[in-house]
Amino acid sequence: MGGGNGNPKDFGAAAYWDARYSSPSTGGKGGVGGFFDWYQSYPALRPLLRACVPASSRVLMLGCGNSLLSEDMVKDGYQNIVNIDISSVVIEHMKEKHMDIPQLTYMQLDVRDMSFFGDGSFDCIIDKGTLDAMMCGDDAPHGAYKMLTEVARLMRPGGIYILITYGAPKERLTLLNQVRCHWDVELYITPTPEYQLKWSNGAAHAMMEKVALTVDGQLPPDYVLKDPESHFIYVCYKTDIVTEDNSMVAGQDDAMPSF
């Protein structure tokens, strides 16, 4: 993803992001030479990633933008991270920046068509805001569905798709359930960095919590978000491909309905 504000309907277009990354006016949020992490940085995500993703995993970073997440993961021992983005501008910038880090690969690619990679190519796919951007594109929700279909195809059986998003289960599990793949989903919720800083008096304080979904894939009726702008983190384990005569997918158990 890129940085800054603008017409959200442009978020699925390469031209939009190329312009953002080429503009010095956006500074660290996408300008030439800048770096910016949407939603959460690696220190906040590290406990979850280290628990779920072995350092030896082959990882695909969707919509990498000019984030430092992959670089920080390599510093922490991760060995093979492929980074893709629709913007050729930011990919060239990140290639140059990380040319001396062999564990990082950068490619210009549209997440709606990742046919460059074969089936089952990755152990883990990380998405920090890219699905949200696709839902703001001119071809939404079709573009988001195409992206998730590709994600399911690229993951090996038992692989993990980590989705970091503003979307609550009602919206995001609906999308996941449209893909012909069976997911076992765990949900974590974490406040925004701004909220955490405000309520921790500047001290480091882990506020991520695991939340059990209801049988129909919703938040518990008595659950209250600490931060109304909280980020939802879906850890989706690929278990199998659904057959033609069984369209049910996703969820934490076999009671999850198809949408």
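In which sense do strand 4 and strand 5 (residues 155–165) pair, and over how many bridges? Strand 4 and strand 5 pair in the parallel sense, over six bridges, where two strands are said to pair if DSSP finds at least two bridges between them, and where strands (E, at least two residues) and helices (H or I, at least four residues) are DSSP runs numbered from the N terminus. This is a predicted model, in which local features need pLDDT of at least 70 and side-chain atom pairs count only at pLDDT 80 or more, whereas totals for chains, interfaces and linings use all residues. Residues are numbered from 1 along each chain as its sequence is written, and side-chain values use heavy atoms, with hydrogens and water left out.

**Strand 4 and its partners**

- Strand 4 (residues 122–128) is mostly covered, with six of its seven residues buried, that is, under 20% relative accessible area, against over 50% for exposed and in between for partly exposed (1.4 Å probe, protein chains only).
- Strand 1 (residues 58–62) also pairs with strand 4 in the parallel sense, over four bridges, and M61 stands opposite I126 of strand 4.
- On the side of strand 5, the bridge partner of K128 is I164.

**D85**

- D85 lies in strand 2 (residues 80–85) and counts as buried because its relative accessibility is 4%.
- The side chain of D85 reaches the backbone nitrogen of S87 at 2.9 Å.
- D85 and Y106 are 21 residues apart in sequence, with 8.2 Å between their C-alpha atoms in space.

**Nonpolar cores**

- The largest nonpolar core (buried Ala, Val, Leu, Ile, Met, Phe, Trp, Tyr and Cys residues joined through side-chain atoms within 4.5 Å) has 37 residues, of which L60, L62, I84, M114, F117, Y161 and W183 touch the most other members.
- Helix 6 (residues 142–154) gives the most to this core, with six residues.
- A second, separate core of 36 residues includes W17, C52, I81 and C124.

**Cysteines**

- The structure holds zero disulfides, a disulfide being a pair of cysteine sulfur atoms within 2.5 Å.
- C124 is buried, with a relative accessible area of 1%, and its sulfur forms no bond because the closest cysteine sulfur, in C52, is 8.5 Å away, which is too far.
- C236 counts as buried at 0% relative accessibility, and the closest cysteine sulfur to its own, in C181, is 9.2 Å away and therefore too far for a bond.

Methods:
Polar contact = N/O pair within 3.5 Å; in protein donor to acceptor, adjacent residues only side chain to side chain.
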